Amino acid sequence: MGRNHALTIKDHLRETLLFQRRILVSAILACILLAGLIARLFFLQIISHAHYTALSEDNRVSIVPIAPTRGLIYDRNGVLLAQNIPSRTLELIPEHVKNLKATIKKLRSLIHITDDEVERFNELRKKKRRFEGIPLRYRLSDSEAARIAVHLNQLPGVEITAELMRHYPQGRLASHAIGYVARINEEELSHLDASQYAATKNIGKTGVERSYENELHGEVGYQRVETNAAGRIVDVLQRTLPTPGKNLYLSLDARVQMVAEQAFGKHDGALVAINPNNGEVIAFVSMPTFDPNLFVNGIDHKTYNKLSRSPDRPLFNRALQGQYPPGSTIKPFIGLAGLEDKVIKPDTTIDCKGYFTLKNDDHRYRDWKRGGHGETDLNKAIVQSCDVYFYQLAMQLKIDRIHDFLARFGMGRPTGIDIRGEETGLLPSRAWKRRVRHEPWFPGETLITGIGQGFTLVTPLQLAEMAAEMGSRGRSYTPHIVRGIVEPGDDKLVVHQAPPKNIITLKNPKDWQIIINAMKQVVTSPHGTARRIDHNLKYSVAAKTGTAQVFGIKQDQKGEEDQSNLPKRLRDHAVFIAFAPAKHPKIAVGVVVEHGGHGGSTAAPIARKVMDAYLLGGK
Amino acid sequence: MSGFTQFEFMSTSRLSKGRSYLQHFHIDLPLLFALLILAGVGLMALYSASEQNIDIVLRQVMRLVIAFSVMIAVAQLRPETIQHWSPWLYAVAIILLFAVLVLGVIGKGAQRWLNFGLFTFQPSELMKLALPMLIAWYFSDHSIPPRPLRIMLALVMIVVPTLLVAKQPDLGTALVLATSGFLVLFLAGLRWRTIIIAFILLIPISWLFWQYGMHDYQRNRVLTFLNPEIDPLGAGYHIIQSTIAIGSGGMYGKGWLNGTQSHLDFLPERKTDFIFPVFSEEFGFIGSLLLLALYAVIVIRGLMITLQAQDTYTRLLAGTITLTFLIYVFINIGMVSGILPVVGIPLPLVSYGGTSMVTLLTGFGILMSIQTHRKLIST
């Protein structure tokens, strides 16, 4: 230090003073900084404490929904039709899997895993978080699960989880009535109660599963869980258990249903059997059927395409949505209309020459029987299904009266059955033709309406309902397939009971019996069109056969004898209605056998088997 | 030299026996106590932040033992020795910073560490001490306030290492270096007019720096700091989650080991830079105030030592070390509570990590050396 001493002391004092001032300023600045921090902490921890507590809770606690157990479905005798079974799913947790490719390869060497399943797994992997299990294979069999379980210690991140899966123990039986559940799709998601379905993966798609979705589903449960930043559940804080869905008891009789389905053999078609006294559906058949278990947890493309593109259309619910001309099964109702409107009397006769012509028109409307039935009254016309008699009657009734009378039996309207998606059929009228076809009504159309051809369409369900209405002499119940509901945790079956939706009253109630007697003779008379089913019959049956023309065969070429020469897809549909016992019926049946030819030959025997099964019991 | 020894003897004779031992080992008791308590609090917070991982806590204890040993060792050095070493230390630090830069270029990435086989070493840590030491040394053989030319030269001494560190890139440390350099100038009596002009000049300089001198991620950090909601799941996530942790702590906190934000992984970097929110969530406003009070005690003791220092070098160095320490605390707590951008400055003595702790306690070792080697004659 090259300075003199005096200067150093003076400088030293000045420097010390300057330095002390700077330290003072620094101390003040330090206080300001500390005060700033304290102010900030005060703001965060005292003033905004509630706000940040809420945010912290939001971070920490999340609500996880628990899916309710879906209600079970039984037949009327307690036979299980739809249940929930534990299903083992093979899942991979990417976070714990060391080498995903190698792991999948190893798993594929142990059990069968399709390329589709691997592809679906890879799709899901993009959507899920790393600690979440991603399903690779659903529905592991016992042996598959065992094979994997043996190797689990060499397969980190591989898990076998169990969850409840919908299962239809009867397989294909009554698949169109029960319906099925499948993965919820985007469209359904948009009008579902999002919170109720928060944990539910499947929803009823068809049949009872769909119509009674609300009853079957149950109430969602919740658990409040503590999660970490990655969303992994750390602890369960509170749990509200879900309420399981209600159990349904169908009016359907699985045994009768099975008899009916077997009776169809290789034929396609539909059968509906109703209890005329309350509208309960005893059998609800649409052939061919399908295995609803395929749809649970997602059906693969190949299987679905095979089902949906099959020419037999197994997914099409013919009983509910198939619309067929009623053919001659309409005749008892036209006859009843004639009596009701006093157009004919029971003993009114015509001379059937085998054809009918209108005035000023040389077109011949043929009878199915070449050469005709000769002198024919109402009874003979129904028993032998004389077309000419009903051409004459229809011409006299005119289309408006036919429409109005048949409308009283529910034709052209949905029956209101508790399965959604019902078709209405078609009951033509002048007004309908003008509105829809923009054409006037032609008299010839009235004639063919009189024998159930032309525009008229009915569903098999409507056929059964009409048979039931005839059998119960005019009392009409809304058909229903769910007989009763059992609340969860309760043994009491609440049976569906409803008064008739409509009572058809005739001016002369004796007319019912006139028609029903004729319908009994359809079976019992040697000339009856359903005489084939009379053999060993242990109860009385009232019935009517019919033939529904398949598009393309002209009216004047019509003839039941010709059918066997035609290729099957051009053959007529066989139609049949019946109820038994005729006096106090317990069952009414409507049957359509597609391309079955004449109603008496294919449809009637099916109905007979169903009635036998129901009325005579199992043996 | 003999007179000096005699004086020392006389002073110890007037004091208690215990104090004499401490004096003999050149330990400043208030500072040691405050630092030990702080280290204890830090271990508690670390135990919680590490999910009660005793291994991590023990590793930190090991580092503390080493760091406190270094502190006591440094305290044995005479301030004159430290002063003598200052320019050499600075030279070594500059060379190492260049080495890091060259290795960083080779390694094609952010490079802050030098690997010496047995241990890794961060030269910027050395520079944190070497820079104020050099400038204090530079100013010590002339009267203060320094002349403009000397100030200009001092600025060069500050800017070179600052740019080297910023280039690594380690913006936080660069900022701390520049600040500590400025603190020496300030304490040396830089005129207020000059300070004000410098601040005004800083505005266009920082704009230029923003435009050309910053990496995208650094710009993002600043932008995210200004509005964390821009990127609530990315860079803003840290700030949002740490303010939630602090805010939800409330007055008394959620209790030790009960912080949900930290234990459920919402808090990132919670053992290191974000350890304050862990502490604050669990001990609340009261706990945070006590922690700040502890820091304040250390700062006050540091300033007392500074005021009692007898020459320019020790005054400037002690003051700068003390104030830099405060600035660490301010930047760290400021950043985790959302009033400063996230720049990666650990909370002194509480954050998990080794190098910065050694640097820090070396600084306090220097303070102790300054305090305990005083010649009582001039006070």
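## Exercises on helices and a chain contact

Helix α6(B) crosses α8(B) in a right-handed sense. This is a predicted model, and the exercises below walk through parts of it.

**Exercise 1.** Find out whether α6(B) and α8(B) are roughly parallel or roughly antiparallel, and list the residues where they meet.

*Solution.*
- Step 1: Locate α6(B) at residues 123-140. Its packing angle with α8(B) is about 15 degrees, and the two axes lie 9 Å apart.
- Step 2: Angles under 35 degrees count as roughly parallel, and α6(B) and α8(B) are therefore roughly parallel to each other.
- Step 3: On the α6(B) side, look for Ser124(B), Met127(B), Lys128(B), Leu131(B), Pro132(B), Ile135(B) and Ala136(B). Their partners in α8(B) are Thr173(B), Val176(B), Leu177(B), Ser180(B), Gly181(B) and Val184(B).
- Step 4: Sort this contact by class: eight residues are nonpolar, four polar and one charged.
- Step 5: For the spacing, recall that an α-helix has 3.6 residues a turn, so residues three or four places apart point the same way.

**Exercise 2.** Describe the side of chain B that touches chain A, and say which element gives the most residues to that side.

*Solution.*
- Step 1: Begin with the chain itself. Chain B has 379 residues, 48% of them buried, and its secondary structure consists of 15 helices and two strands.
- Step 2: Count the residues in contact: 40 from chain B and 36 from chain A.
- Step 3: Pick out the chain B elements that supply two or more residues, namely α8 (171-187), α11 (235-249), α12 (260-263), α13 (275-308) and α14 (312-336).
- Step 4: Among these, α13(B) gives the most, with 10 residues.
- Step 5: By class, this side of chain B holds 21 nonpolar, 16 polar and three charged residues.

**Exercise 3.** Check the length of helix α20 of chain A against its expected span, then find what its buried residues pack against.

*Solution.*
- Step 1: The helix covers residues 603-616, which is 14 residues.
- Step 2: At 1.5 Å a residue the span should be 20 Å, and the end C-alpha atoms are 20 Å apart, so the two agree.
- Step 3: Mark the buried residues of α20(A), including Ala603(A), Ile606(A), Ala607(A), Val610(A), Met611(A) and Tyr614(A). Arg608(A) is buried as well.
- Step 4: In chain A, the buried residues of α20(A) pack against α10 (254-263) and the strands β11 (269-274), β12 (281-287), β21 (542-548), β22 (573-580) and β23 (587-593).
- Step 5: Look just past the helix, where Gly617(A) takes a positive phi of about 90 degrees.

Technical notes: Residues are numbered from 1 along each chain as its sequence is written. Chains are lettered from A and ligands numbered from 1 in the order in which they are written. This is a predicted model: local features need pLDDT of at least 70, side-chain atom pairs count only at pLDDT 80 or more; totals for chains, interfaces and linings use all residues. Helices (H or I, at least four residues) and strands (E, at least two) are DSSP runs, numbered from the N terminus. The expected span of a helix is 1.5 Å times one less than its number of residues. A residue is buried if 20 or more other C-beta atoms lie within 10 Å of its own, exposed if 12 or fewer, and partly exposed in between; C-beta atoms are placed from the backbone. Two residues are in contact if their C-beta atoms, placed from the backbone, lie within 7 Å. Ala, Val, Leu, Ile, Met, Phe, Trp, Tyr, Cys and Pro count as nonpolar, Asp, Glu, Lys and Arg as charged, and the others, Gly among them, as polar. Axes are lines fitted to C-alpha atoms, for helices over the stretch in contact, and angles run from 0 to 180 degrees between N-to-C directions. Angles under 35 degrees count as roughly parallel, over 145 as roughly antiparallel, 65 to 115 as roughly perpendicular and the rest as oblique. A crossing is left-handed if the near helix is turned anticlockwise from the far one by less than a right angle, and right-handed if clockwise.
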